[in-house]
Amino acid sequence: MVTRLVLVLGDQLSPNLTALQKAEKDTDIIVMAEVADEASYVPHHPKKIAFIFAAMRKFADALRGDGWQVDYTKLDDPDNAGSITGELLRRAEQHDASGVIATEPGEWRLIEALQEMPLKLHMIADTHFIASHKEFEDWAEGRKELRMEWFYRDMRRKTGLLMDGDKPVEGKWNFDHDNRKPAPDDVDFNGPMQFTPDDTVEEVLDLVETRFGDNFGTLRPFWFATDTGQARRQLTHWVKHALPKFGDFQDAMLNDNRFLYHSIISFYINAGLLDPLEVCQQVEQAYKDGHAPINAAEGFIRQIIGWREYMRGIYFLEGPDYTSRNVLKHTRSLPSFFWDADTRMNCISKTVTQTRDEAYAHHIQRLMVTGNFALLAGIDPHEVHEWYLAVYADAYEWVEAPNVIGMSQFADGGIVGSKPYVSSGAYIDRMSDYCKSCAYKVKDKTGPDACPFNLLYWDFLIRHRDRFANNPRMGNMYRTWDRMDDPRKAAVLEDAQAFLSRMGSGESI
């Protein structure tokens with residue numbers, strides 16, 4: 001009888017995983033391992049590590065209950081080889097296995113490590129995504145611009161979600177215009193369903209506290225779902241209580257409310273605990289039942305079958321060097337306040353503090369607060385990329401890198417975005433209550449109390465005028481600058497350079 005090893009990674013926790021579908025219960029052995037290499041290639045948030053390890057242990061138990069033989073290595077096992085490939089080699093020798101079946105990982109780093117391993121490897125496509133690599137490549141071929149909106153429409157047609165025959169329901173593909181309301185006075189949703197750690201989770205928390213207690217991030221209290229049943233309960237809870245207002249306020253930010261109407265299920269989808277299509281179908285059903293308006297349902301579904309799928313397509317289309325792109329030649333080091341939140345900029349401090357405590361911030365906090373600042377200040381995009389990969393529990397390179405390198409930092413030169421996502425403090429003021437309690441004054445354009453976003457916004461535009469002046473979406477910005485009088489221009493740029501100099505020298509800003 002021939003024995004093969006079946007690799008199951010920590011973000012592949014689904015019984016429908018293609019590697020499991022190709023395996024034989026009677027002869028094949030599942031290999032799962034908590035290894036130092038995966039836990040530490042960036043300094044992952046302790047909540048992220050604990051979530052993945054706890055979910056892995058529960059999934060392994062579920063597989064055993066379903067009749068599979070599972071060889072599971074815990075992080076503190078004395079024989080732990082320390083890497084995925086090391087564990088596969090160890091188990092192959094132990095069982096005299098003929099080879100390995102693996103579902104394609106979501107990071108080039110791990111794909112290449114498996115391919116270089118001296119074992120026969122059968123790597124299978126990951127079918128938990130709507131679009132295959134070939135579908136995305138065929139869609140991208142010959143296009144001058146790879147804009148998500150056009151890809152998203154094809155995904156709507158493919159899935160049939162929110163479709164009326166070959167047309168979108170209610171006559172429009174995109175209702176994003178209705179999803180930009182500023183922060184509400186009151187939020188009548190108490191946030192995501194929170195789960196009390198059971199014995200399995202507590203054991204993992206103790207382990208993570210011992211091994212990764214010095215990493216950025218608060219481990220306890222720990223409230224994440226760690227199995228599919230819990231994740232489905234959280235999804236149902238959100239659809240019932242928050243989806244109806246999700247669309248209206250999805251871009252809003254509040255000092256004293258970290259979750260507003262967001263679903264907080266990206267952790268569970270990206271780890272395999274929830275199927276993305278089933279999630280979208282549940283949201284679509286809420287719309288069909290009259291429970292949620294079209295702007296809420298469409299806005300959420302677009303994030304899953306549009307943006308999420310598009311990000312993965314870009315990552316694999318562009319290849320392993322994507323994370324090293326830096327067309328704007330930004331080289332400043334990541335400021336220390338991205339780790340300790342010690343800054344007078346309230347929006348940054350609130351977002352970093354929330355990230356530290358929850359391993360979560362929503363897309364506008366990531367894009368228009370921390371990401372916007374990093375781009376305006378000229379931070380090295382690879383350092384920014386590694387920060388996002390480390391600190392968020394839903395961050396895996398296939399989805400994080402194109403969001404950061406492409407969307408947030410424009411380091412790919414415009415493959416993802418047609419213009420850089422930069423703004424002055426006015427946008428943050430409009431979409432949040434952060435500015436009301438900030439040490440800086442968002443209305444001040446120059447001077448010691450001027451919002452740093454205001455200063456850096458113009459500094460960024462002038463620094464990169466040769467690249468962006470002819471961009472049709474940015475012409476108005478440059479015309480506004482050109483109408484300013486010379487003394488004001490000089491004051492703005494001098495204040496911006498002074499701010500960057502203080503930041504670079506480690507002064508408190």
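## A tour from the sheet to helix 13

Start by selecting strand 2, residues 29-33, together with strand 3: the two pair in the parallel sense over five bridges. This is a predicted model. For one bridge in this pair, pick Ile30 and then Val70, its bridge partner in strand 3.

Next, select helix 3, residues 46-65. Helix 3 lies across strand 2 and strand 3, and it runs at about 160° to strand 3. Add helix 4, residues 84-95, which also packs on the sheet. Helix 4 touches strand 1 (5-7), strand 2, strand 3 and strand 4 (100-103), and its direction makes about 130° with that of strand 3.

Now show the whole sheet. It is an open sheet of five strands in the order 3-2-1-4-5, with parallel pairing. Which strands stand at the edges? They are strand 3 (69-73) and strand 5 (121-124); each has a single partner strand, so one side of each is left without a neighbour in the sheet. From one strand to the next, the twist averages 25°.

Leave the sheet and select helix 13, residues 294-318. Its 25 residues reach 34 Å from the first C-alpha to the last, close to the 36 Å expected at 1.5 Å a residue. Where is the kink in helix 13 centred? Go to Arg302: the kink there is about 35°.

Colour helix 13 by accessibility. The helix is mostly covered, with 21 of its 25 residues buried. Finish on Gly319, which follows helix 13 and has a positive phi, near 95°.

Key:
Residues numbered from 1 in each chain as written. Predicted model: local features only at pLDDT ≥ 70, side-chain atom pairs only at ≥ 80, totals over all residues. Heavy atoms only, no water. Helix = DSSP H or I, 4+ residues; strand = E, 2+ residues; numbered from the N terminus. Expected span 1.5 Å × (residues − 1). Bend = angle between axes of the 7 residues up to and from the residue. Buried < 20%, exposed > 50% of the residue type's maximum accessible area, 1.4 Å probe, protein only. Pairing = 2+ DSSP bridges. Axes fitted to C-alpha atoms, helices over the stretch in contact; angles between N-to-C directions. Contact = heavy atoms within 4.5 Å.
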